[in-house]
Amino acid sequence: MRSRIKKRYAVIAVVNAAAIAGAIALTAAGSSIASAQKYNFAYERWQGEGKESYSQISCFFADDSGFTTDSLSSVRGQLMSELKNISVTAEEGQKLCPDAYSAPVGSAVVRCDIAGRTEAQLTAVGGDFFLFRDFTLVDGAFFTDNDIMQDGAVIDRELAWALYGSDNVSGMNIYINGIKCYISGVIAAPETKYEQKCAGKAPQAYISYDMAESLSQEADIGYIEGTGFNKVACYECIVPDPVENFGESKLKEILGTGFGGKVSIVRNDGRFTPSKRAKELKKLTGYAVRDDGIKLPWWENASRMTEFRLTYLYSVRRLLIAIPALTLLWLAFLAAKAYKKKKPLIKRKISDLWEKLRLSLSDKLRKNENISDG
C-alpha cells in the first residue's frame with residue numbers, strides 16, 4: 001500500500017516538475033518572439049534609463065478618413081495642451097512627444113546610373129519614422145525632416161543589390177519613375193518570418209513626403225491620384241504617461257471627434273504581455289478580420305500575427321501553470337484534512353512540549369537561585 005502511495009506521489013511530482021519546466025520554456029519563447037517585433041518597443045529606446053513612464057500608440061486610418069499632414073498640427077497641439085494641463089512640459093532643447101507618420105505610395109520603377117532597373121514598393125515617411133521602425137542600417141544614414149534637401153531615399157538591401165550589385169551604395173543616385181534622388185541609407189531585410197511574409201518579396205524604398213509630392217505631380221504617375229500627396233495612413237507617437245492610460249485615452253478623444261469609425265488605435269507597449277494576450281483571446285477573430293477599410297502596414301500586420309501566436313502560446317502556458325496551482329490546492333486540502341483529524345493529538349503534543357519547556361526553565365531558575373544563595 002505504501003509503495004503505491006509513494007509511486008503516486010512520485011508521478012505527481014514528475015508531472016508538476018514537467019509543467020513548471022514547460023511554463024518557464026514557453027515564457028522564454030514568448031519573450032523572445034515578442035522582443036523580435038522591435039517596432040513595438042520604440043518607447044523603451046526613447047525612454048532609455050529614465051524613470052519616466054511612456055506609452056507608445058499607433059493610429060491607422062482608412063483611405064477615406066481625410067486625415068492628412070495638415071491634420072498633424074491640430075493633433076499635436078491638442079496633445080501638448082492636455083499634457084500642459086497636468087504640468088508635463090518638455091525640458092529645454094528636448095522633444096516631449098516624438099511622433100511619425102507614413103502612407104503607402106505604391107509601386108514604381110526604380111533605376112540607377114548604370115544598367116540596374118527594377119520595381120519597388122514606396123512608402124512616404126515623416127517625423128521620427130526611423131526611430132519607430134528601428135531598421136538595421138547596413139550603409140549610410142537615415143534622412144530626417146531637418147535635412148535641407150528632401151530628396152534622399154532609404155532602400156532595402158534587396159533593392160541595392162538589384163540596382164548596383166552591392167549594398168555599399170549610400171550617396172549614389174537612383175531614379176524613381178524618372179525623378180532623381182540619392183540613396184541616403186541601406187537597411188537590412190525584415191528579420192522575423194512574420195515581417196518577411198507581410199512585407200512581401202518586392203524591394204522596399206522609403207522616401208520623404210516632399211519626394212512623394214514630386215512624384216505625384218508627374219503626368220505619367222498613375223498610382224497617385226490628385227495633384228498632391230498629403231495623406232497619412234499611419235500616425236504613431238510616444239507620450240508621457242504620468243497617469244495610467246493617459247496617452248491612449250487622450251488620443252481616442254482627439255481623433256474620435258473627427259475620425260470616429262475611420263481610425264484604429266493600438267497601444268504598442270504591453271501588447272505582447274501574457275495578461276494582455278489573455279484578455280484578447282475571445283476577440284481574435286474580430287481583431288483579424290477588418291471590414292472598416294483600414295489597410296494596415298506590413299509592420300503592424302506582422303505584430304498582429306505575433307499576437308495570434310503569443311495568445312495561443314500563453315494559453316498553453318496558463319494550462320501548465322494550472323497544474324502546480326491545483327496541486328498546491330490539493331496538498332493544502334489534504335493538510336487541512338489531516339490537521340482536523342489529528343487536531344486533538346497535535347494540541348496534546350504542543351501542550352506536552354510547552355510543559356517540558358516550562359519545567360526546564362523552572363529548573364534553571366532554581367539552580368541559579370541556589371548558586372546565588374551559596
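This report looks at helix α8 and strand β1 in a predicted model.

Let's start with the helix. α8 covers residues 246-259, which makes 14 residues. At 1.5 Å a residue, a helix of this length should span 20 Å, and the C-alpha atoms at its ends lie 19 Å apart, so the two values agree. Just past the helix comes Gly261, whose phi is positive, near 85 degrees.

Which residues of α8 are buried? They are Phe246, Gly247, Glu248, Lys250, Leu251, Ile254, Leu255 and Phe259. These buried residues pack against β1 (54-61) and α3 (69-85), and also against β9 (234-240) and β10 (263-267).

One of those packing partners, β1, deserves a visit of its own. Of its 8 residues, 8 are buried, so to speak of a mostly covered strand is fair, with buried meaning under 20% relative accessible area. Both faces are covered: Tyr54, Gln56, Ser58 and Phe60 are buried on one side, while Ser55, Ile57, Cys59 and Phe61 are buried on the other.

β1 also pairs with two strands that α8 packs against, β9 and β10. The table sets out both pairings.

| Strand paired with β1 | Sense | Bridges | Residue pair |
|---|---|---|---|
| β9 | antiparallel | 7 bridges | Gln56 and Ile238 |
| β10 | antiparallel | 5 bridges | Ile57 and Arg267 |

In the residue pairs, Gln56 of β1 has Ile238 as its bridge partner in β9, and Ile57 stands opposite Arg267 in β10. Gln56 and Ile57 are themselves buried, on opposite faces of β1.

Methods. Residues are numbered from 1 along each chain as its sequence is written. This is a predicted model: local features need pLDDT of at least 70, side-chain atom pairs count only at pLDDT 80 or more; totals for chains, interfaces and linings use all residues. Side-chain values use heavy atoms; hydrogens and water are left out. Helices (H or I, at least four residues) and strands (E, at least two) are DSSP runs, numbered from the N terminus. The expected span of a helix is 1.5 Å times one less than its number of residues. Buried means under 20% relative accessible area, exposed over 50%, partly exposed in between (1.4 Å probe, protein chains only). Contact means heavy atoms within 4.5 Å. Two strands pair if DSSP finds at least two bridges between them.
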